[in-house]
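Notebook open, coffee poured. I wanted to look up how the strands pair and where empty space is left inside.

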Amino acid sequence: MARFHRLFPFLSWPRPDATLLRGEALAGLTVGLMLIPQAVAYAGLAGMPLVTGIYASLLPALIAVLFSASTRLSVGPTALTAMLVSASLTGIADPGSARWVDLAMWLALLTGALQIALGFARFGWLLNLVNSPVLMAFTQGAALLIVSSQLPDMLGFVSWAGLLAQPALHLPSLGFGVGTVLLLTLAKRWKPGFPTVLVAVLASAGLSVWSGFEGGGGKVIGDLPQGLPSLQWPGWPGWAALGQLAVPTLVITLVSFLETASSAKVDNGRKGQRWDQNQDLIGQGLAKVSSALVGAFPTSSSFSRSALNLYAGAQTGWATVFSVLVVFLALLFLIPVLHHVPRAVLAAIVVVAVVGLLKPREFLKLWRISRVEAGIAATTVAVTLLSAPQLYWGVLAGVLMSLSHFLYLRLHPRIIEVGLHGDGSLRDRHLWSLPPLAPDLFALRMDAALDFATANAIERDITEYLSAHPGTRHVMLIAHPINWIDATGAEAFGRIEALLAGKGVALHLVGIKLPVEHVLRSAGHLQPRTGLHLYRTEAEALRACATLRGEQEWVSP
């Protein structure tokens, strides 16, 4: 039964009562009213027919909440995923064309299938390949590109190139765009739970009709098909085109699920429970697949809408069910009203939502923490901007740089010679200007695992020290930081042990962990012999050092 509930998480939802449903309906109404105009705007950002944004907010949102572990997340179109879709398909097809739509559906199918496979294989940990600085930097770069792409519509000119050729603005569009930005910004500060986005859309539609905006050359949403979407399968794009979608599939999978993670960690933290990332991978993957089957594009979890869902008091997945019902009714009855909404208003909705992603102070904070990671983040932003419209190369460059930095650190472990500090602890002897623990003793500590990445470093350090100090008679290895050893590490230890035995140098091992000791004994090392000493604690080792110094008192750690 437990396995059945794990496969179908919605079976664990609490049985609703009147009080619960009343609160969930209010939260669902709040999120649904915000989702409708956002979905249309993000569909335009993805280069898709605008109505597909609403399609992506129906069945995918319902599937996600039914099969995900985090039930209070709002799933549907998001700005970052929509921008990635547009970036991935630019140069392969024309925005809005049938081929573009087919390729977007294939992106949804491929990313969804990959997430489902990762979830069932319990490989959610693979998503940790994208660290926080890289994601932050990529998000900032992508946000700059998104804002830049929306400014022409919002300010009333055709394109940036067109503005230079003919520096004339469409003043009514400019008024709608700037007015919407001011309204949404003020409302976000003073009334965050109010459905201001929908109010702006409806009010702008009324003003558009009253002022004859469309007849005066203003760009509006235009006619959208009414009714529910039909299930469909995308046309075969050919192996060449499918190959071009391989890298975008990986990037969208990573980025969209990291969007989910940012919301899910907050949600599960508030509920005081462990985040089941593998089940959320499955739920999000199924949502993407269902989005493809209704002719839409990849979906993701929206941090802003999820935060609004929590702010509105959502307790369970029933809130999402109600928000889907709101979108369903809008699809049936609100579509004619959307015809008159100026494109400048949609662009303003995207800009206001995305500007919140721009956090330049994060770079200063990162610089104080790690200058290397700050450099990686800055490079990630630069590659993202320079590679536009294929901006997914930015996140790939960031991942490659961060993994290279991680590998460099692993290949260059921290190995220090220790001495006895005044507070009784063993610290870096050279940093603190401490005397040796005992005459003719080399005491060192490696703060890393002993494996293929670090074995050469510790073997080299010991060999070089013995060459430079031929009078050394004792080597003490503080081994408690070594919590893992592999075959390469065991071989290196065996060579160190043989080197010391050949030179008549005693080996003192301190605090070796049982799993490491087990591997070394299985490899034939640590056999009892003269000159090999094992100490469980630093206190025992320091007592031995006192004996080596010819002192009788016990040296306390």
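I began with L507 and looked for its bridge partner, which turns out to be L532 in strand 8. This is a predicted model, so I read every value below as computed from that prediction. Strand 7 and strand 8 run parallel and share 4 bridges. To get from strand 7 to strand 8, the chain passes through helix 23, residues 514–522. I noted the hand of this β-α-β crossover as right-handed.

Next I looked up the whole sheet. What is the strand order? I wrote down 4-3-5-6-7-8 for an open sheet of 6 strands, and the pairing is mixed. The edges are strand 4 (426–428) and strand 8 (532–535), each with pairing on one side only. On average, neighbouring strands of this sheet are turned by 30° against each other, ignoring direction.

Then I went to the strand 4 edge. Strand 3, residues 415–420, is joined to strand 4 by 3 bridges, and the two run antiparallel. Here G419 sits opposite R427 of strand 4. A reminder to myself: strands of a sheet pair through backbone hydrogen bonds, in either the parallel or the antiparallel sense.

Which strands does helix 24 touch? Helix 24, residues 538–548, packs on the sheet and touches strand 3, strand 4, strand 5 (441–446), strand 6 (474–478), strand 7 (506–510) and strand 8. Its direction makes about 165° with that of strand 6.

Now the empty space. Rolling a probe the size of a water molecule over the atoms shows where it is left.

I started with closed cavities and counted 4 of 30 Å³ or more. The largest cavity has a volume of about 70 Å³. Its lining includes V31, L35, S57, A61, N309 and T320. Helix 2, strand 1 (74–76) and helix 15 (318–333) each give two or more residues to this lining. Which element gives the most? That is helix 15, with 4 residues. By class, I got 7 nonpolar, 5 polar and no charged residues around the largest cavity.

The second largest cavity holds about 50 Å³ of space. I listed L450, L477, A479, I482, F493, L509, I512, V516 and L520 as its lining. How do these divide by class? The tally is 9 nonpolar, no polar and no charged. Going back to my sheet notes, L477 falls within the 474–478 range of strand 6 and L509 within the 506–510 range of strand 7. V516 and L520 fall within the 514–522 range of helix 23, the crossover helix.

Last entry: the second largest pocket, with a volume of about 600 Å³. Its lining has 26 residues, and G44, L45, S86, S149 and Q150 lie nearest its centre. Helix 2 (18–45), helix 5 (79–89), helix 7 (132–155) and helix 17 (343–355) each supply at least two lining residues. Helix 7 has the largest share, 5 residues. Sorted by class, the lining of this pocket comes to 16 nonpolar, 8 polar and 2 charged residues. I also noted that helix 2 appears in two of my lists, lining the largest cavity and the second largest pocket.

Definitions and conventions:
Residues are numbered from 1 along each chain as its sequence is written. This is a predicted model: local features need pLDDT of at least 70, side-chain atom pairs count only at pLDDT 80 or more; totals for chains, interfaces and linings use all residues. Side-chain values use heavy atoms; hydrogens and water are left out. Two strands pair if DSSP finds at least two bridges between them. Axes are lines fitted to C-alpha atoms, for helices over the stretch in contact, and angles run from 0 to 180 degrees between N-to-C directions. Contact means heavy atoms within 4.5 Å. On a 1 Å grid over the protein atoms alone, a cavity is a set of points where a 1.4 Å probe fits but cannot get out, and a pocket is an open set with protein on both sides within 12 Å along at least five of seven lines; lining residues have an atom within 4 Å of a point. Grid points are joined across faces, edges and corners, and a volume is the space filled by probe spheres set on the points. Ala, Val, Leu, Ile, Met, Phe, Trp, Tyr, Cys and Pro count as nonpolar, Asp, Glu, Lys and Arg as charged, and the others, Gly among them, as polar. A crossover is right-handed if, with the strands pointing away from the viewer, the path from the first strand over the helix to the second runs clockwise.
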